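Please open the structure in your viewer and keep the sequence beside it. The tour below suggests what to select at each stop and says what is found there.

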Amino acid sequence: MHPATSVIFFTTASGAGYGLLALMAVLGPAGLLPAERWFGATGLVLALALVTAGLLSSTFHLGHPERAWRAFSQWRTSWLSREGVLSVLTYAPALVLAWGWVIAEDTSGVFAAAGLAAAALTALTVVSTGMIYASLPPIAQWRSPYTVPGYLLFALMTGAVLLNALAGAFGIARWEWPALAALVTAAGWAWKTATWRRNDRLASPASPGSATSLGGTVRTLEWPHTEENYVMKEMGYRIARRHAAKLRRLTHALAFAAPLAACLVCLATGGAVALVAALAAVACQAVGIAIERWLFFAEARHTVMLYYGAEVA
Amino acid sequence: MTALPAAADKKLGLVIDLDTCVGCQACVTSCKEWNTGGLPAPLTDLAPYEAGADGVWLNRVHAYEHEADGASRTVYFPRSCLHCETPACVTVCPTGASYKRAADGIVLVDADSCIGCKLCSWACPYGAREYDLDAGVMKKCTLCVDRIYNDTLEEADRVPACVAACPVGARHFGDLGDPASAASRLVEARGGAELMPEMGYRPVNRYLPPRPKAGGAAAAAPEALEPVAHDGAKGFLAWVDRVLAD
């Protein structure tokens with residue numbers, strides 16, 4: 001599948017934003033984060049800015065962005081529509097929580113309830129994002145029990161690494177934040193490794209024989225057209241195996257191994273060293289997760305290419 | 001609405017004969033000609049006379065070399081929307097622009113409410129939907145809905161443009177939900193098959209398999225020449241055998 005920059009930015013940025021929002025919305029009311037104005041403002045503005053920038057960028061690849069409002073209508077059947085509705089609904093309790101945290105400096109009572117609601121809606125939004133991909137039968141790499149938990153884990157992971165840096169910058173570091181960031185990064189690493197292992201052993205969901213109903217061996221003699229058409233450009237993106245292997249190694253290093261090591265440094269040290277390590281974890285995980293998401297698209301194979309000479313989908 | 005109708009009253013669709021199709025592309029060009037002025041108009045072509053030509057076509061004819069049971073043949077394979085009974089391209093649509101008609105089962109796109117998110121094209125296993133870069137909306141086969149009910153056309157012309165154009169009668173149009181229709185009987189008689197049934201989309205269109213050739217299909221490799229002389233022969237015939245064997 002063609003990796004569209006706007007969708008890669010959308011899913012990674014809004015993922016990190018939702019992860020940070022959900023963590024703050026739960027940990028604040030639980031009393032583990034201070035109900036202090038500037039910390040609350042910085043964290044929640046950062047989270048909502050990432051979410052909003054992601055949502056806006058997702059409209060850039062539309063043929064008619066001015067009609068995007070129509071996408072809120074088909075939530076009964078469409079995961080994309082559900083994602084849109086839930087993402088907008090999430091703003092309401094998130095803004096109530098922000099009001100409490102920033103204006104009233106209070107994250108208890110009604111503000112705590114709003115926090116829990118925001119965290120729940122956030123989780124549902126990310127599940128919807130994952131389901132957009134997990135509900136497509138022609139793409140076996142996506143239609144997988146690994147897809148939705150992956151989106152949830154990577155959102156939580158990037159959010160926790162952000163929270164760790166934020167807490168360090170505001171001098172409210174506790175050992176729990178780098179420990180949490182390290183834990184979910186390790187979990188994300190294991191999940192991605194397992195996902196790749198599964199995808200590498202995946203049986204093709206269809207064959208050129210079944211795609212044409214002819215059975216036997218079907219080889220392309222001639223394409224119907226001399227140049228690549230929309231279908232081939234959008235669904236026929238192929239990445240050379242050695243490039244994919246290189247990018248997977250980069251993902252292992254930048255999205256998981258290095259941030260995990262940096263979080264352990266935070267855990268072992270403190271003060272300025274820990275802050276630098278926490279910021280470094282954010283920076284390299286941002287690059288790593290973008291590569292991970294690029295590969296998510298580039299390595300996904302669509303059954304339509306069976307008509308264009310692919311032997312497996 | 002992107003919810004599917006509980007059941008379509010009719011299942012209008014195409015029956016395509018892979019035995020008789022000669023790959024002439026007449027169905028492709030007639031489809032383009034009708035539809036670039038019909039309901040999904042225009043079917044934009046970008047850079048049509050240069051390298052990198054890219055245009056919207058609702059019907060594409062592939063050429064395959066098919067080998068089975070040691071015999072091989074060329075098969076021309078027209079590919080267009082199959083008007084599935086459970087099409088995920090419809091249910092994934094976030095705006096309701098994609099819909100399946102309850103009256104006849106035809107799957108259509110409303111160009112005025114399509115936002116061009118392309119998700120429906122990802123959801124189609126068959127590559128039936130093509131995005132119009134210029135119009136910013138998705139285009140697909142309409143089963144010539146603006147021909148088949150068109151009272152201003154002669155009755156004989158109220159069939160999809162591809163069916164009307166086919167010079168060898170390889171394309172048939174009819175109600176595949178009615179077992180008594182000519183199309184259904186043809187599918188029954190010739191063992192018509194659906195494409196990628198394992199995807200679970202329940203396509204309506206059927207493909208008739210190539211008939212076995214009389215006296216067996218052409219062998220994948222030519223038979224070795226029969227020797228014209230018996231073993232141990234000498235002279236002219238032995239020389240002919242040696243030359244032909246080399």
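**Where the two chains meet**

Begin by colouring the chains separately and looking at their contact, to which chain A contributes 45 residues and chain B contributes 50 residues. On the side of chain A that touches chain B, at least two residues each come from α3 (79-104), α7 (208-212), β1 and α8 (230-235) of chain A. Of these, β1(A) gives the most, with 6 residues. Sorted by class, that side of chain A holds 20 nonpolar, 18 polar and 7 charged residues.

Keep in mind that this is a predicted model, for which the predictor reports an ipTM of 0.94 and a pTM of 0.91 for the complex. Chain B has an average pLDDT of 92, and 94% of the residues in that chain score at least 70.

**A sheet built from both chains**

Next, select β1 of chain A together with β4 and β5 of chain B, which form an open sheet of 3 strands in the order β1(A)-β4(B)-β5(B), with antiparallel pairing. Because β1 (217-222) of chain A and β5 (71-80) of chain B stand at the edges and have a single partner strand each, one side of each is left without a neighbour in the sheet. Neighbouring strands in this sheet are turned against each other by 35° on average, direction ignored.

Now look at the pairing across the chains, where β1(A) and strand β4 (residues 59-68) of chain B are joined in the antiparallel sense over 5 bridges. If you show R219(A), you will find that its bridge partner in β4(B) is E65(B), while T217(A) stands opposite E67(B) in the same strand, β4(B). Then add helix α1 (residues 26-35) of chain B, which lies across β4 and β5 of chain B and runs at about 160° to β4(B).

**An enclosed strand in chain B**

Which residues of β10(B) are buried on one side, and which on the other? Select strand β10 (residues 171-175) of chain B to find out: R171(B), F173(B) and D175(B) are buried on one side, and H172(B) and G174(B) on the other, so that both faces are covered. Since 5 of the 5 residues of β10(B) are buried, this strand is largely enclosed by the rest of the structure. In general, side chains in a regular strand alternate between the two faces of the sheet. Strand β1 (residues 12-17) of chain B pairs with β10(B) in the antiparallel sense over 5 bridges, and within this pair the bridge partner of I16(B) is R171(B).

**A helix in chain A**

Move to helix α6 (residues 176-200) of chain A, whose 25 residues reach 36 Å from the first C-alpha to the last, close to the 36 Å expected at 1.5 Å a residue. Its buried residues, among them W177(A), L180(A), V184(A) and K192(A), pack against α5 (147-169), α9 (241-268) and α10 (271-298) of chain A.

**Backbone details in the loops**

Finish with three loops of chain B. In the loop between α1 and β2 (45-46) of chain B, select P42(B), which is joined to A41(B) by a cis peptide bond with omega of about -10°. H83(B), in the loop between β5 and α2 (88-91) of chain B, has a phi near 50°, a positive value in a residue other than glycine, and counts as buried with 27 C-beta neighbours inside 10 Å. K118(B) lies in the loop between β7 (107-109) and α3 (119-123) of chain B; its phi is near 70°, again positive in a residue other than glycine, and K118(B) is buried, with 20 other C-beta atoms within 10 Å.

Key
Residues are numbered from 1 along each chain as its sequence is written. Chains are lettered from A and ligands numbered from 1 in the order in which they are written. This is a predicted model: local features need pLDDT of at least 70, side-chain atom pairs count only at pLDDT 80 or more; totals for chains, interfaces and linings use all residues. pLDDT is the predictor's confidence in each residue, from 0 to 100. Two strands pair if DSSP finds at least two bridges between them. Helices (H or I, at least four residues) and strands (E, at least two) are DSSP runs, numbered from the N terminus. Axes are lines fitted to C-alpha atoms, for helices over the stretch in contact, and angles run from 0 to 180 degrees between N-to-C directions. Two residues are in contact if their C-beta atoms, placed from the backbone, lie within 7 Å. A residue is buried if 20 or more other C-beta atoms lie within 10 Å of its own, exposed if 12 or fewer, and partly exposed in between; C-beta atoms are placed from the backbone. Ala, Val, Leu, Ile, Met, Phe, Trp, Tyr, Cys and Pro count as nonpolar, Asp, Glu, Lys and Arg as charged, and the others, Gly among them, as polar. The expected span of a helix is 1.5 Å times one less than its number of residues.
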